Amino acid sequence: MADESTRGTRSPKRPDRYAYRDYRNWPDEERWELIDGKAWDMSSSPPQLHQTVLGQLCSQLDAFLTGKPCRVYVAPVDVFLIDADEEINDAKYVVQPDAFVVCDKRRLIDEGVKGAPDFIIEIMSRGTELPGR
C-alpha cells in the first residue's frame, strides 16, 4: 500500500473503504476521520500552541456571535459531509474540524452535524503540514 499519510496522521493498516456504520464502532479513545471512505487516525493530541491559538480564536468568535443564531463548536464533534438524501450510516466523509460555526440548528443531530458548517477553523501544526510546504 502506498503511504498516503501526512506527518501526525496515519491511515489504517488495511486499504479498506469505510462508512460511518463502521466508524461508530471503533474505540471511543481513538479519533478518526473518514475521507472518501479512507480512515485517518487523528488520535495524537495537538501541541500546546495549537490549543492556545484555538482557544483564543473560539473565545473571540463566541463573543462576536453573542445574540446571533450561530454557535461555535470545538472538536471532537463529527461533521457528516453528505448529500441531503444520504443516510449518515452511509457517510464516507466524517470529519472533526478543530472548531466550526453552525447557524442552522436543523443541521444539528445527536451524532453531530449533518452538512457543511457555516465557518470552519482548522489549525495546521508542524506535525500535520503537507510535505513540500
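**Covalent and ionic links, a strand pair and a surface patch**

One disulfide is counted in this structure, which is a predicted model. The disulfide joins Cys70 to Cys103, with an S to S distance of 1.9 Å, and the link of Cys70 and Cys103 is right-handed, with 100° about the S-S bond. Because Cys70 lies in the loop between helix H2 (48-64) and strand E3 (71-74), while Cys103 lies in the loop between E6 and E7, the pair ties together parts that are 33 residues apart in sequence. The two partners fall into separate classes of accessibility: Cys70, at 17% relative accessibility, counts as buried because the value is under 20%, whereas Cys103 is partly exposed, with a relative accessible area of 27%. A further cysteine, Cys58, is buried, with a relative accessible area of 9%.

Ionic contacts between side chains add to this picture, and the structure holds three salt bridges. In one of them, Asp90 pairs with Arg21, and the closest N and O atoms are 2.5 Å apart. This pair links distant parts of the chain, since Asp90 belongs to the loop between E4 and E5 and Arg21 to helix H1 (residues 20-23), the two being 69 residues apart. Asp90 counts as partly exposed at 30% relative accessibility, and Arg21 is likewise partly exposed, with a relative accessible area of 39%.

Another salt bridge brings together the side chains of Arg107 and Asp118, at 2.7 Å from N to O. Arg107 is placed in the loop between strand E6 (99-102) and strand E7 (108-109), and Asp118 in the loop between strand E8 (112-114) and strand E9 (119-121), so this contact ties together parts that are 11 residues apart in sequence. Arg107 counts as buried, at 16% relative accessibility, whereas Asp118, at 43%, counts as partly exposed. A salt bridge is also formed by the side chains of Arg106 and Asp104, with an N to O distance of 3.0 Å. Of these two residues, Arg106 is exposed, its relative accessible area of 72% being over the 50% limit, while Asp104 is partly exposed, with a relative accessible area of 23%.

Turning to the strands, E1 (residues 32-35) and E2 run antiparallel and are joined by four bridges. Within this pairing, Trp32 stands opposite Asp41 in E2. The hairpin of E1 and E2 has two residues between the strands, and Asp36 takes a positive phi near 55° in this hairpin. In a regular strand, the side chains alternate between the two faces of the sheet. For strand E2 (residues 38-41), both faces are covered, as Lys38 and Trp40 on one side and Ala39 and Asp41 on the other are all buried. Asp41 is thus described both by its position opposite Trp32 and by its place among the buried residues of E2.

At the surface, Ile35, Leu81 and Tyr93 make a nonpolar patch of about 230 Å². Ile35, one of these contributors, falls within the range of strand E1 (residues 32-35). Leu81, another member of the patch, is placed in the loop between strand E4 (78-80) and strand E5 (94-95). At 36% relative accessibility, Leu81 counts as partly exposed. The loop between E4 and E5 therefore holds both Leu81 of the nonpolar patch and Asp90, the partner of Arg21 in a salt bridge.

How values were computed. Residues numbered from 1 in each chain as written. Predicted model: local features only at pLDDT ≥ 70, side-chain atom pairs only at ≥ 80, totals over all residues. Heavy atoms only, no water. Patch = residues over 30% accessible without salt bridge, like charges linked within 9 Å, V, L, I, M, F, W, Y side chains within 5 Å. Areas by Shrake-Rupley, 256 points an atom, 1.4 Å probe, with all protein chains shown as cover. Salt bridge = Lys/Arg side-chain N within 4 Å of Asp/Glu carboxyl O. Buried < 20%, exposed > 50% of the residue type's maximum accessible area, 1.4 Å probe, protein only. Disulfide = S-S within 2.5 Å. Pairing = 2+ DSSP bridges.
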